[in-house]
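Biologist: I should like to request a close look at a single part of this model, followed outward to its surroundings.

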Amino acid sequence: MCSSTSDRIAKELFSAYQSSTPIQSITDRYPELTVQDAYQIQKLFLAKRLALGERVIGKKIGVTSQAVMDMLGVNQPDFGQLTDRMVINQGESIAMKSLIQPKAEGEIAFVLKGDLNGPGVTVADVLRATEGVMACFEIVDSRIRDWKIRIQDTIADNASCGVFVLGDRLVDPRNLDLFTTGMVLEKNGRIVGTGAGAASMGSPAIAVAWLANTLGQLGMSLKAGEVILSGALSAMVPVNAGDNLRMTLAGIGSCSVRFD
């Protein structure tokens, strides 16, 4: 894909981000779009946001379950960049007017105390470099109309990053079995999702190792102090104004968020 087309798509995504107005599916209009093209568009889209003062504070991993990979016809996850404007403090409400078509995911977030430079990063390396893990809500929010996406669409759209909320505790992952860590997700007091760490590539630590090694192939690394969202532990939950969500992770803690 030529650079002028990539920049045009990035401008569309940036306009959608600013106006909270979705755009038509990118792959419907550009069926030749490759994953590599999509990451270039993501980079251009992010650059426009950074130019307005946003700052990268971490990464998110998406498409970590086999079911979603099968749905999108791919055999690996994707990633996006987290910025400081995406952070919602626990106890604050999220204004629906600032989003387009949000859905909530319960996840385990990693806070790094050391760098991770791939390739060759192992799960043991991830655990050594992690200050702690936290319960987390990621509010994904596609800029693509009606969530009509293929993997290239979501990558270009910064992995459908919306905002995220971190929980109330930071726990050393070496004291946990992340594979079996269980999650319960409630919406307005009713259980709407359950899962375990194994839902994210077999273990959230495996997902973070994948990210570090993938970034290493691109000449990038994970840095101390960054927050890494390691992937959904159950299906996405649509949200509307007035909804209250809470998720609890066994041995880690809880996280809650409400929408106005």
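Where is the place of Pro119? Please begin there and proceed to whatever is linked with that part.

Modeller: The model is a predicted one. Pro119 is placed in the loop that runs between strand 5 (102-112) and helix 5 (123-129). The peptide bond leading from Gly118 to Pro119 is cis, its omega being near 5 degrees.

The two elements that flank this loop lead on to helix 7. Strand 5 and helix 5 are among the elements that cover the buried residues of helix 7, along with strand 1, strand 2 and strand 10 (227-232). Helix 7 counts 14 residues and spans 20 Å from its first C-alpha to its last, close to the 20 Å expected at 1.5 Å a residue. Because 12 of those 14 residues are buried, helix 7 is largely enclosed by the rest of the structure. The buried residues of helix 7 are Pro204, Ala205, Ala207, Val208, Ala209, Trp210, Leu211, Ala212, Asn213, Thr214, Leu215 and Gly216. Just after helix 7 comes Gly219, with a positive phi of about 75 degrees.

The next topic is the core. The largest nonpolar core comprises 64 residues, and those with the most contacts inside it are Leu13, Ile26, Ile94, Phe110, Leu116, Phe137 and Leu222. Helix 7 (residues 204-217) gives the most to this core, namely eight residues. A further core, of 11 residues, lies apart from it and includes Ile57, Met86, Cys161 and Phe164.

Leu222 offers a way to follow the packing from one element to another. Beyond its neighbours up to four places away in sequence, Leu222 touches Lys59, Leu112, Asp115, Leu116, Val208, Leu211, Ala212, Leu215 and Ile228. One of these partners, Lys59, belongs to strand 1 (residues 56-62). Lys59 has a relative accessibility of 4% and therefore counts as buried, the cut-off being under 20%. With neighbours within four places in sequence set aside, Lys59 is in contact with Gly80, Gln81, Leu82, Leu211, Leu215, Met220, Leu222, Glu226, Val227, Ile228 and Leu229.

Strand 1 also leads to helix 3, since the cover over the buried residues of helix 3 includes strand 1, helix 1 (3-19), strand 2 (78-83) and helix 6 (151-156). The buried residues in question are Asp37, Ala38, Tyr39, Ile41, Gln42, Phe45, Leu46 and Arg49. Helix 3 (residues 35-50) has 16 residues and reaches 22 Å between its first and last C-alpha, close to the 22 Å expected at 1.5 Å a residue.

Helix 1 has 17 residues, and its reach of 24 Å from first C-alpha to last is close to the 24 Å expected at 1.5 Å a residue. In helix 1, Thr5, Ser6, Ile9, Ala10, Leu13, Phe14 and Ala16 are buried, and the buried residues pack against helix 2 (26-29), helix 3 and helix 6. The axes of helix 1 and helix 3 are 8 Å apart and make an angle of about 50 degrees; the two helices are therefore oblique to each other. Their crossing is right-handed. Helix 1 contributes Ser6, Asp7, Ile9, Ala10, Lys11, Leu13, Phe14 and Tyr17 to the contact, and helix 3 contributes Ile41, Leu44, Phe45, Lys48 and Arg49. Ser20, which follows helix 1, has a positive phi near 55 degrees.

Helix 6 has a loop of interest on either side. Asp146 is in the loop between strand 6 and helix 6, and its phi is near 60 degrees, a positive value in a residue other than glycine. With a relative accessibility of 63%, Asp146 counts as exposed, the cut-off being over 50%. Asn158, in the loop between helix 6 and strand 7 (163-166), likewise has a positive phi, of about 55 degrees, although it is not a glycine. Asn158, however, counts as buried, at 1% relative accessibility.

Asp141 completes this region. Asp141 belongs to strand 6 (residues 130-141) and is buried, with a relative accessible area of 3%. Not counting residues up to four places away in sequence, Asp141 touches Leu99, Ile100, Gln101, Pro102, Trp147, Asp157, Ser160, Cys161 and Gly162. Of these, Cys161 is also among the residues of the core of 11 residues. From C-alpha to C-alpha, Asp141 and Thr154 are 10.0 Å apart in space, at a separation of 13 residues in sequence.

Definitions and conventions. Residues numbered from 1 in each chain as written. Predicted model: local features only at pLDDT ≥ 70, side-chain atom pairs only at ≥ 80, totals over all residues. Heavy atoms only, no water. Core = buried A, V, L, I, M, F, W, Y, C linked by side-chain atoms within 4.5 Å. Buried < 20%, exposed > 50% of the residue type's maximum accessible area, 1.4 Å probe, protein only. Helix = DSSP H or I, 4+ residues; strand = E, 2+ residues; numbered from the N terminus. Contact = heavy atoms within 4.5 Å. Expected span 1.5 Å × (residues − 1). Axes fitted to C-alpha atoms, helices over the stretch in contact; angles between N-to-C directions. Parallel < 35°, antiparallel > 145°, perpendicular 65-115°, else oblique. Left-handed = near helix turned anticlockwise from the far one by under 90°.
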